[in-house]
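Thank you for sharing this entry; my comments follow as numbered points, written so that a newcomer can check each against the display. I begin with the cysteines and then turn to the chain as a whole.

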Amino acid sequence: MTAQATTGRRGLCSWCGRFATGIELIQAEDAGSGPAVRGLYACGPCREVHRLVPLADRP
């Protein structure tokens, strides 16, 4: 699974702790085997306030 596959995803924001639509992967964690991408996800407002850049948008 790529970071771009997380765009528009609904889930828990790692910063505010609320469920939101449009969370994006900020930092991926290698948890070993398995299909799920584990890491830190942020909602739109938290990305803006904390100036977080999604992995998909990084060079």
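1. In this predicted model, the count of disulfides comes to 0, where a disulfide would need a pair of cysteine sulfur atoms within 2.5 Å. Cys16 takes part in no disulfide, and the nearest cysteine sulfur to its own, which belongs to Cys13, lies 3.7 Å away. As for its surroundings, Cys16 has a relative accessibility of 36% and therefore counts as partly exposed.

2. The cysteine at position 46 can be read in a similar way. Cys46 is in no disulfide either, the nearest cysteine sulfur being that of Cys43, at a distance of 3.6 Å. Is Cys46 buried or exposed? With a relative accessibility of 9%, Cys46 counts as buried, because the cut-off for that term is under 20%.

3. Turning to the secondary structure, the protein contains 1 helix and 3 strands, and when one follows the elements from the N terminus on, their order is β-β-β-α.

4. How much of the protein is buried? Of its 59 residues, 27% are buried, while the protein exposes a surface of about 4,200 Å², of which carbon and sulfur atoms supply 50%.

5. A last point concerns contacts between parts of the chain that are separated in sequence. If one takes the contacts in the protein between residues at least 6 apart in sequence, 39% of them join residues that are at least 24 apart.

Note on methods
Residues are numbered from 1 along each chain as its sequence is written. This is a predicted model: local features need pLDDT of at least 70, side-chain atom pairs count only at pLDDT 80 or more; totals for chains, interfaces and linings use all residues. Side-chain values use heavy atoms; hydrogens and water are left out. Buried means under 20% relative accessible area, exposed over 50%, partly exposed in between (1.4 Å probe, protein chains only). Helices (H or I, at least four residues) and strands (E, at least two) are DSSP runs, numbered from the N terminus. Contact means heavy atoms within 4.5 Å. Accessible areas come from the Shrake-Rupley method with a 1.4 Å probe; for residues, only the protein chains shown count as cover.
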